[in-house]
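Student: Hi! I'm new to this one, could you walk me through it?
Tutor: Happy to, let's look at it together.

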Amino acid sequence: MAIAERAVPHCLSFDIEEHFQVSGFASEARRLNWDREESRVERNTDRILSVLDKRRFKATFFVLGWVAERNPGMVRRLVAEGHEVASHGYEHELITMQTPDVFREDVRKAKRILEDLTGAAVCGYRAPSFSITAKTQWALPILVEEGYLYDSSVFPVVHDRYGMPGANPQAHRLETVSGKLWELPPSTLKVGGVRVPVAGGGYFRLFPYPVLRWMLQRIEAEGQPLVVYLHPWELDPTQPRMQGPLLSRFRHYLNLAKTEGRLTALVSDFVFGPLGAAVQALEYRLETIGARASSI
Ligand SMILES: [Zn+2]
């Protein structure tokens, strides 16, 4: 089938990090302890792979450089099984806490580590906690300069830690000062005038699955590719409990025991592929159909 005839696939993605690296519990003291914590990322990623394997779906794995260095076999296995390996940066520092130079070094280091391990070009990037916001849009041209072709970090919602309310919620190609960059925001749906995140993470665990499926079907009916994300620690209900703010504990530990079943249902109800494949289809459509497709 020619690519022009192929629909833009829905996108399934996983941010590959340890449970103790999430932003909601981040502190300098905890970061200094990372190497002494129990690693659970490989086992949890295996759970994801076994769910995907039932449908033979391929997905994008945004792997943290720090995790890739310590789990090279896992990264090679992702590639060997046909998945796309992309970058989640190296240190999981919010971009809102970085200078442009520190950000550049972080995304460059992660890309180099992942490419050395996989032998393939790393084209995609997702920021820790979607931290490309109105204040950190300077990060987008740096991604172009560092060789990234697409980003999936701009979350067009209101949130205390991230989000860019009013940003284009659809997959689109940006013209940055350094060149073109595809932006694939996580899926959101406008409900009663409010843009609701439905794409994954805590939201995926918060809504009852039939409600989530209905919202995803609404987005699908609008002709938009879905962009869904989860983390390996979300499939791990027995992970050690961390101390931290009540809101962080609620978001992190809510319904963990339900995630694997919901992911299984999700991949039964929708057809997914990696983000890189969607970018290729979007690029082709834009080049062949022209400006009419610019907001697809
Ligand atoms: Zn992350």
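Student: Is G73 buried, exposed or partly exposed?
Tutor: This is a predicted model, and in it G73 has a relative accessibility of 39%. G73 therefore counts as partly exposed.

Student: Which helix is G73 in?
Tutor: G73 lies in helix α4, which covers residues 72–80.

Student: And how far is G73 from L117, C-alpha to C-alpha?
Tutor: Their C-alpha atoms are 8.8 Å apart. Along the chain, the two residues are separated by 44 residues.

Student: OK, new topic. What coordinates the zinc ion?
Tutor: The zinc ion is coordinated by E17 through OE, and by H88 and H92 through NE2. The distances run from 1.9 to 2.1 Å.

Student: How are those donor residues spaced in sequence?
Tutor: The pattern is E-x70-H-x3-H.

Student: Are the histidines buried or exposed?
Tutor: H88 has a relative accessible area of 1%, so H88 is buried. H92 is buried too, with a relative accessible area of 7%.

Student: How many residues are in the largest nonpolar core?
Tutor: That core has 76 residues. Those with the most contacts inside it are L12, F14, F61, I132 and L266.

Student: Which helix gives the largest share of this core?
Tutor: Helix α5, residues 100–118, with six residues.

Student: What does L12 touch, leaving aside its neighbours within four places in sequence?
Tutor: Its contacts include L52, V228, L263, L266 and F272. Glycine shows up as well, since G273 is among them.

Student: What about a second core, which residues does that include?
Tutor: The second core is separate and has 15 residues, including F62, A86, L184 and L275.

Student: Let's go to the surface. Which residues make the nonpolar patch?
Tutor: L206, L247 and F250 make a nonpolar surface patch of about 280 Å². L206 sits in helix α7, residues 201–206. With a relative accessible area of 43%, L206 is partly exposed.

Student: Last thing: what is phi like at S129?
Tutor: Phi of S129 is near 50 degrees, a positive value in a residue other than glycine. S129 is in the loop between β4 (124–125) and α6 (139–145). At 14% relative accessibility, S129 counts as buried.

Student: And where is N255 found?
Tutor: N255 is in the loop between α9 (246–253) and α10 (256–269). Its phi is near 55 degrees, again a positive value in a residue other than glycine. N255 is partly exposed, with a relative accessible area of 24%.

How values were computed
Residues are numbered from 1 along each chain as its sequence is written. This is a predicted model: local features need pLDDT of at least 70, side-chain atom pairs count only at pLDDT 80 or more; totals for chains, interfaces and linings use all residues. Side-chain values use heavy atoms; hydrogens and water are left out. Donors are N, O and S atoms within 2.8 Å of the metal (3.2 Å for Na, K and Ca); water is not among the atoms, so sites may look incomplete. Buried means under 20% relative accessible area, exposed over 50%, partly exposed in between (1.4 Å probe, protein chains only). A nonpolar core is a set of buried Ala, Val, Leu, Ile, Met, Phe, Trp, Tyr and Cys residues joined through side-chain atoms within 4.5 Å. Helices (H or I, at least four residues) and strands (E, at least two) are DSSP runs, numbered from the N terminus. Contact means heavy atoms within 4.5 Å. Patches are made of residues with over 30% relative accessible area and no salt bridge: like charges are joined within 9 Å, nonpolar side chains (Val, Leu, Ile, Met, Phe, Trp, Tyr) within 5 Å. Accessible areas come from the Shrake-Rupley method with a 1.4 Å probe; for residues, only the protein chains shown count as cover. A salt bridge is a side-chain nitrogen of Lys or Arg within 4 Å of a carboxyl oxygen of Asp or Glu.
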